[in-house]
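Biologist: Please take one part of this model and go through it closely. I would like to know what surrounds it, and then how the rest of the picture fits around it.

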Amino acid sequence: MNIKITSDSTCDLSAEILQEYDISIVPLYVEKGGEMFRDGVNIKPEDIFNHVSNGGSICSTAAANIADYTSFFEQYIDKYDAIIHINIGSGFSSCYQNACIAAQKFNNVYVVDSKNLSSGQGHVVVEAAIKVLEGISAEKIIEHLNNIIPKVRASFLLDRLDYMAKGGRCSSIVALGSNLLKIKPCIEVVDGKMVVGKKYRGPLKKCLLQYLEDKLSAPERIIPERAFITHTAFLDKETLDEIKNAVNQKVIFNDVYETDAGCTITCHCGQNTLGILFIEK
């Protein structure tokens, strides 16, 4: 079958990976200063950071709507035997619901709920693309994705909570206390929802290395195919190099991809956020 793999801009895959696997993207919306932009099209994470640091209000994201998905699918419907679209988790956005409604107008569009975000969603997208290259049918690809989705491990360590406080996701008092005490919370995706995991205390680099130590403490349970180190902009190169070295020493992955977090993670988590994302056996 000639199958097209598509996803939302929230999958945080690099341009190189998207090009390698011919993956096309539906951009979400980002509201900044009262104006609407398209994620990755006419707004980048750096624009969000600059806006907030200059005194602007926190930016927010909105789902692609039914019309967006309909027009997007129409581009490929006559060129492929099937389209498999992998959405940001339905627990985070109405994108999945909107894509499902749009897909009802076609007989060869399949919509998959990744139950994840960022490169956790990206893992599901890449798995689908690899199966296409192996010549697997659309039905078998979807069966494979449904098997691996519960095994994707996605988490991020936050350096600061002011973005979450400005966005109403935690109180300003909690954010101030965390900053004063140098507490760095780990945000994990569990059963399609974000929860607060372990809280680390101390300088950012120390916390990041301990976070990696914890997440990669059982390498025998990890599929070594690939890992994503995904981070928001402005994390310094020295810290990133140490993180990559620590990952390679802990678990031997076939590929470790460093990717930039897109506007969704940026809007919610702020600067110096980093995550290690992989699949367990």
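Modeller: What follows starts with one strand and its partners, then moves to the pockets, the cysteines and a small sheet.

The model is predicted. The part I pick is strand 10, residues 183-190. Is strand 10 enclosed or open? It is largely enclosed by the rest of the structure, because 6 of its 8 residues are buried. The cut-off matters here: a residue is buried when its relative accessible area is under 20%. Cys-186 falls well within that class, so at 1% it counts as buried.

Now the partners. Strands of a sheet pair through backbone hydrogen bonds, either parallel or antiparallel. Strand 9, residues 155-157, pairs with strand 10 in the antiparallel sense over 3 bridges. There, Ser-155 stands opposite Glu-188 of strand 10. Strand 11, residues 193-201, also pairs with strand 10 in the antiparallel sense, over 7 bridges. In that pairing Ile-187 faces Val-196 of strand 11 as its opposite residue. Strand 10 and strand 11 make a hairpin with 2 residues between the strands. Asp-191 takes a positive phi near 50 degrees in this hairpin.

Strand 10 also meets a pocket. The second largest pocket has a volume of about 460 Å³. Its lining counts 25 residues, and nearest the centre lie Pro-150, Val-152, Arg-153, Ala-154 and Val-189. Which elements give two or more residues to this lining? They are strand 8 (152-153), strand 10, helix 9 (204-215) and strand 14 (274-279). Strand 10 supplies the largest share, 3 residues. By class, the lining of the second largest pocket splits into 10 nonpolar, 6 polar and 9 charged residues.

Set the largest pocket beside it. Its volume is about 560 Å³. It has 26 lining residues; Leu-13, Gly-40, Lys-44, Asp-260 and Gly-262 are the closest to its centre. Helix 1 (15-20), helix 2 (45-53) and strand 13 (255-260) each give two or more residues to this lining. The largest share, 3 residues, belongs to strand 13. The classes here are 12 nonpolar, 7 polar and 7 charged.

Back to sulfur. The structure holds 0 disulfides. Cys-186 is in none: the nearest cysteine sulfur, on Cys-269, is 11 Å away. A disulfide needs the two sulfur atoms within 2.5 Å, so that pair does not qualify. Cys-11 is unpaired too, with the sulfur of Cys-95 as its nearest at 12 Å. Cys-11 counts as buried because its relative accessibility is 2%.

For contrast with these buried residues, take Lys-237. Lys-237 lies in helix 10, residues 237-250. The threshold for exposed is over 50%, so Lys-237, at 60% relative accessible area, is exposed. Its C-alpha is 16 Å from that of Glu-46, a residue 191 positions away along the chain.

One more sheet rounds this off. Here 3 strands form an open antiparallel sheet in the order 4-3-5. Strand 4 (35-38) and strand 5 (60-62) are its edges, each pairing on one side only. Neighbouring strands of this sheet turn by 35 degrees against each other on average, direction ignored. Strand 3, residues 29-32, pairs with strand 5 over 3 bridges, in the antiparallel sense. In one of these contacts, Glu-31 has Ser-60 of strand 5 as its bridge partner.

Methods
Residues are numbered from 1 along each chain as its sequence is written. This is a predicted model: local features need pLDDT of at least 70, side-chain atom pairs count only at pLDDT 80 or more; totals for chains, interfaces and linings use all residues. Side-chain values use heavy atoms; hydrogens and water are left out. Buried means under 20% relative accessible area, exposed over 50%, partly exposed in between (1.4 Å probe, protein chains only). Two strands pair if DSSP finds at least two bridges between them. Helices (H or I, at least four residues) and strands (E, at least two) are DSSP runs, numbered from the N terminus. Axes are lines fitted to C-alpha atoms, for helices over the stretch in contact, and angles run from 0 to 180 degrees between N-to-C directions. On a 1 Å grid over the protein atoms alone, a cavity is a set of points where a 1.4 Å probe fits but cannot get out, and a pocket is an open set with protein on both sides within 12 Å along at least five of seven lines; lining residues have an atom within 4 Å of a point. Grid points are joined across faces, edges and corners, and a volume is the space filled by probe spheres set on the points. Ala, Val, Leu, Ile, Met, Phe, Trp, Tyr, Cys and Pro count as nonpolar, Asp, Glu, Lys and Arg as charged, and the others, Gly among them, as polar.
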